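Biologist: Could you pick one part of this fold and walk me through it closely, including what surrounds it? I'd like one connected picture rather than a list.

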Amino acid sequence: MDCAFTVHRALGPGFREKIYVRALCLELDAQKLKFETDKNILVRYKQWQIPGQTVDLLVESSVLVEAKVVPRLRPMHRLQVLSYLKTLNLRIGLLINFNVPVLEDGFKRVIRQGGTAERHALTRRTTTGRLNEEA
């Protein structure tokens, strides 16, 4: 995501998360990309939908962006993005820590391996246990 690198080059590390998210929104808008910021989501729990969670950015209705300003990314941050992806039924997320001298060191792409619907559409186990691709 070039927009994140542009923001980081201009601002550098040291600001609050919301500053980077706002700057990122300005860049996305300048690039004519559709996005939603501070998007409220419903968290599925069994048959219920629980309100009260928000995600930083959703770009083009397909890429989740979670911004951080932390000393370093932890495994829990990746798990957080995976949970959001699962809840939103998305596959691709970007975890961006702006609190680094070089953004490449704080930029992680998170891919959620297909949910059950996607997995079943691509492959199906035969009675012999081999995988067959469906047409």
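Modeller: One convention before we dig in: axes are lines fitted to C-alpha atoms, for helices over the stretch in contact, and angles run from 0 to 180 degrees between N-to-C directions. Keep in mind too that this is a predicted model. The part I'd pick is strand 3, residues 63-68.

Let's set the scene. The protein has four helices and seven strands, and along the sequence they come as α-α-β-β-β-α-β-β-α-β-β. Of the 135 residues, 34% are buried. Among contacts with a separation of 6 or more, 49% link residues that sit 24 or more positions apart. The protein exposes about 9100 Å², with carbon and sulfur atoms supplying 52% of that.

Now the sheet. Five strands form an open sheet in the order 1-2-3-4-5, and the pairing is mixed. Strand 1 (35-45) and strand 5 (107-111) are the edges, each pairing on one side only. On average, neighbouring strands in this sheet are turned by 35° against each other, ignoring direction. In that order, strand 3 has strand 2 on one side and strand 4 on the other.

Take the strand 2 side to begin with. Strand 2 and strand 3 run antiparallel, and three bridges join them; one pair to find on screen is Val 59, which stands opposite Val 63 in strand 3. The hairpin these two strands make has three residues between the strands, and Glu 60 there takes a positive phi near 55°. Ser 61 lies in the same loop, between strand 2 and strand 3, and also has a positive phi, about 55°, although it isn't a glycine. That's worth pausing on, because most residues other than glycine have a negative phi. Ser 61 is exposed, with a relative accessible area of 55%.

Strand 2 itself covers residues 48-59, and on its other side nine bridges join it to strand 1, again antiparallel. Within that pairing, Lys 39 has Val 55 as its bridge partner in strand 2.

Swing over to the other side of strand 3 and the direction changes: strand 3 and strand 4 (residues 92-97) run parallel, with six bridges between them. Lys 68, for instance, stands opposite Asn 97 in strand 4. To get from strand 3 to strand 4 the chain goes through helix 3 (residues 75-88), and this β-α-β crossover is right-handed.

Now for cover, which is what made me choose this strand. Six of the six residues in strand 3 are buried. In a regular strand the side chains alternate between the two faces of the sheet. Here both faces are covered: Val 63, Val 65 and Ala 67 are buried on one side, and Leu 64, Glu 66 and Lys 68 are buried on the other. Helix 2 (residues 17-30) lies across strand 1, strand 2 and strand 3, at about 65° to strand 2.

Which residue of strand 3 would I zoom in on? Glu 66. Why call this glutamate buried? Its relative accessible area is 4%, and buried means under 20%, so Glu 66 falls well inside that class. The Glu 66 side chain makes a polar contact with the side chain of Lys 68, at 3.3 Å, and both residues are on the same face of the strand. Leaving aside residues up to four places away in sequence, Glu 66 touches Asp 56, Gln 80, Val 81, Tyr 84, Leu 94, Leu 95 and Ile 96. Sort those by element and the local picture comes together: Asp 56 falls within strand 2 (48-59), Gln 80, Val 81 and Tyr 84 fall within helix 3 (75-88), and Leu 94, Leu 95 and Ile 96 fall within strand 4 (92-97).

One last stop, back at helix 2. Between helix 2 and strand 1 there is a loop that holds Lys 32. Lys 32 has a phi near 65°, a positive value in a residue other than glycine, and it is exposed, with a relative accessible area of 70%. Contrast that with Lys 68 in strand 3, which is buried.

Notes
Residues are numbered from 1 along each chain as its sequence is written. This is a predicted model: local features need pLDDT of at least 70, side-chain atom pairs count only at pLDDT 80 or more; totals for chains, interfaces and linings use all residues. Side-chain values use heavy atoms; hydrogens and water are left out. Buried means under 20% relative accessible area, exposed over 50%, partly exposed in between (1.4 Å probe, protein chains only). A polar contact is a pair of N or O atoms within 3.5 Å; within protein, one must be able to donate a hydrogen and the other to accept it, and residues adjacent in sequence count only if both atoms are side-chain atoms. Contact means heavy atoms within 4.5 Å. Two strands pair if DSSP finds at least two bridges between them. Accessible areas come from the Shrake-Rupley method with a 1.4 Å probe; for residues, only the protein chains shown count as cover. A crossover is right-handed if, with the strands pointing away from the viewer, the path from the first strand over the helix to the second runs clockwise.
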